[in-house]
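Please open the model in a viewer and follow the stops below in order. Each stop names a selection and then describes what is found there.

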Amino acid sequence: MSDGSRTINDVKTFLMSIRGADPQQMMKFYDQWAETYEQDHSLMDYSAPHQTVDFLNANFSGSREQVLVLDVACGSGWVAKLMAELGFRKFVGVDGSKGMLEQAAKTGLYQDLRLALLGTEPLPAQTDAFDVVMIVGALRDRFVPFSVVRELCYAAKPGGYVCMSRVDLKSESGANYKMCLEKELQLMEDEGLWTRVISQEMDRYMMDVYNDDQYLYGTMYLYRKALN
């Protein structure tokens, strides 16, 4: 149950408790966080779901009612709810947290929800099956390894779209993740797996909870899978 008395300081204290956690510990943390996840992220001015869904919508010309969307690291279903407001109707969700998947199920938007810890377990999705593949917020150090972007591409139909957002963390590991991810994205393009449609910087991605009165920024990417 959400708690209307929670403050940004409560969220900061909560997040401090997982610094240095491994992926399995992180998922247990998200299980505990699931019920107040969206409320807490609103306190942190987390705009990635809204910015990324708007970014996709502005650059997607297909029939929103007919396309099948794979929502990777779907969490509580926030992205699917925003996409549904724009006419998207068919969703399959994947997340590593059982608690988050329980929240996503409550939205009533998903045809299927699948549990998987990405990077440790393969992405549970058929090859060449989805018109749109989304991943918002999870492409970062200690969350989803950058190598998973290949699996996202494989899940998309030929000619389908992969839409991703990434935060710029103010750390050496964050800078290294960005470098490795963008190298992999370019390598996949060089291999002919997909082409970049557009990328765009994200302003005020979310509040930097470790540095008062500062915001983190990020980047959104849209790729189209090769037809052959």
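Select strand E4 (residues 130–139) and strand E5 (residues 156–168), which pair in the parallel sense over 6 bridges. Strands (E, at least two residues) and helices (H or I, at least four) are DSSP runs numbered from the N terminus, and two strands pair if DSSP finds at least two bridges between them. Within this pair, pick Met134: its bridge partner in E5 is Cys163.

This is a predicted model, in which local features need pLDDT of at least 70 and side-chain atom pairs count only at pLDDT 80 or more, while totals for chains, interfaces and linings use all residues. Residues are numbered from 1 along each chain as its sequence is written, and side-chain values use heavy atoms, with hydrogens and water left out.

Next, widen the selection to the open sheet of 7 strands, whose order is E3-E2-E1-E4-E5-E7-E6 with mixed pairing. Its edge strands, each pairing on one side only, are E3 and strand E6 (194–207). On average, neighbouring strands of this sheet are turned by 15° against each other, direction ignored; angles run from 0 to 180 degrees between N-to-C directions, and axes are lines fitted to C-alpha atoms, for helices over the stretch in contact.

Now select strand E2 (residues 90–95) and strand E3 (residues 110–115), which run parallel and are joined by 5 bridges. Here Phe91 has Tyr110 of E3 as its bridge partner. Add helix H6 (residues 98–106), through which the chain crosses from E2 to E3 in a right-handed β-α-β crossover (clockwise from the first strand over the helix to the second, with the strands pointing away from the viewer). H6 packs on the sheet and touches E2 and E3, its direction making about 175° with that of E3; contact means heavy atoms within 4.5 Å.

Finally, select helix H4 (residues 48–58) and helix H5 (residues 78–85), which pack at an angle of about 40° with their axes 10 Å apart.
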